Amino acid sequence: NSELIARILGLCNNEDDEITIMATVAAELYHGVNGFDWVGFYRVVKPGLLKIGPYQGRHGCLVIPFTRGVCGAAARDRKIKIVDDVKKFDGHIACSNTTRSELVIPCFKQNGELFGVLDIDSDQPAFFTKQDADNLDQLMRELFTGDKN
């Protein structure tokens, strides 16, 4: 939704602190989209390991290795993951038993280094579209690298 994205960009305008941006994004997306059950970031804390960052919703998993789950796969492959049914995703980590579908967007620094992933869960199956993924990917690039293309 372009109004929500414009609001997030406005709130984060001239902000360069990653945690501040993550907290703002998590809050705005969680409260702005009906069907987003959990929204948060997992940060790369050492090679092959993600730890929870700012989020909204019930508590999430605290640590996720790159070898496990949808977040780990997105970080490992450096690619967006859209999962219509988490029960059919091999290696899914059930942090919440209400999650049905999931979208994970890798987040990069200006130098191309992966620093984390944006993880969004929905309690509805097949909730996320390719358009959602593309819009959020573009938002992450704009917020964290300044890339407006």
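# Exercises on a predicted model

In this predicted model, β5 and β6 form a hairpin with five residues between them, and Gly112 in the turn has a positive phi of about 90°.

## Exercise 1. The hairpin

Determine how β5 and β6 pair, and which residues stand opposite each other.

Solution. Step 1: strand β6 covers residues 114-122, and its pairing with β5 is antiparallel over eight bridges. Step 2: take two positions of the hairpin. Ser101 stands opposite Ser122 in β6, and Ile105 stands opposite Leu118 in β6.

## Exercise 2. Burial of the two hairpin strands

Decide whether β5 is largely enclosed by the rest of the structure, and check each of its faces.

Solution. Step 1: a residue counts as buried under 20% relative accessible area. Step 2: strand β5 runs over residues 101-108, and eight of its eight residues are buried, so the strand is largely enclosed by the rest of the structure. Step 3: look at the faces in turn. One side has Ser101, Leu103, Ile105 and Cys107, the other has Glu102, Val104, Pro106 and Phe108, and all are buried, so both faces are covered. Step 4: repeat the count for β6. Nine of the nine residues of β6 are buried, so β6 too is largely enclosed.

## Exercise 3. The sheet

Give the order of the strands in the sheet and find those at its edges.

Solution. Step 1: six strands form an open sheet in the order β3-β2-β1-β6-β5-β4, with antiparallel pairing. Step 2: β3 (63-65) and β4 stand at the edges with a single partner strand each, so one side of each has no neighbour in the sheet. Step 3: on average, neighbouring strands of this sheet are turned by 25° against each other, direction ignored. Step 4: go through some of the pairs. Strand β4 (residues 81-83) pairs with β5 in the antiparallel sense over three bridges, and the bridge partner of Ile82 in β5 is Leu103. Antiparallel pairing over six bridges joins β1 and β6, with Arg43 opposite Gly116 in β6.

## Exercise 4. The buried side of α1

Find the buried residues of helix α1 and state where they lie around its axis.

Solution. Step 1: helix α1 covers residues 2-11, and its buried residues are Leu4, Ile5 and Ile8. Step 2: these residues cover an arc of only 100° around the axis, which puts them on the same side of α1. Step 3: recall the general rule. An α-helix has 3.6 residues a turn, so residues three or four places apart point the same way. Step 4: the face turned away from the buried side of α1 carries the exposed residues Ser2 and Glu3. Step 5: the cover over the buried residues of α1 includes α2 (18-32) and α4 (130-145).

## Exercise 5. Helices on helices and on the sheet

Describe how α2 and α4 pack, and where α2 and α3 lie on the strands.

Solution. Step 1: α2 and α4 pack at an angle of about 150°, and their axes are 11 Å apart. Step 2: angles over 145 degrees count as roughly antiparallel, and α2 and α4 are therefore roughly antiparallel to each other. Step 3: the crossing of α2 and α4 is right-handed. Step 4: in this contact α2 contributes Glu18, Ile21, Met22, Val25 and Leu29, and α4 contributes Leu136, Met140, Leu143 and Phe144. Step 5: α2 lies across β1 (38-46), β2 (49-56) and β6, and runs at about 155° to β1. Step 6: helix α3 (residues 69-77) lies across β1, β2, β3, β4, β5 and β6, at about 35° to β5.

## Exercise 6. Two residues of α4

Classify Met140 and Asp137 as buried or exposed, then list what each touches, leaving out residues up to four places away in sequence.

Solution. Step 1: Met140 lies in helix α4. With 1% relative accessibility, Met140 counts as buried. Step 2: Met140 touches Val25, Phe41, Ile105, Cys107, Leu118 and Thr145, with residues up to four places away in sequence not counted. Step 3: take one of these partners. Met140 and Val25 are 115 residues apart along the chain, and their C-alpha atoms are separated by 9.2 Å. Step 4: Asp137 also has its place in helix α4. At 14% relative accessibility, Asp137 counts as buried. Step 5: on the same terms of counting, Asp137 touches Ile80, Ile105 and Pro106.

Note on methods
Residues numbered from 1 in each chain as written. Predicted model: local features only at pLDDT ≥ 70, side-chain atom pairs only at ≥ 80, totals over all residues. Heavy atoms only, no water. Buried < 20%, exposed > 50% of the residue type's maximum accessible area, 1.4 Å probe, protein only. Helix = DSSP H or I, 4+ residues; strand = E, 2+ residues; numbered from the N terminus. Pairing = 2+ DSSP bridges. Arc of directions from axis to C-beta. Contact = heavy atoms within 4.5 Å. Axes fitted to C-alpha atoms, helices over the stretch in contact; angles between N-to-C directions. Parallel < 35°, antiparallel > 145°, perpendicular 65-115°, else oblique. Left-handed = near helix turned anticlockwise from the far one by under 90°.
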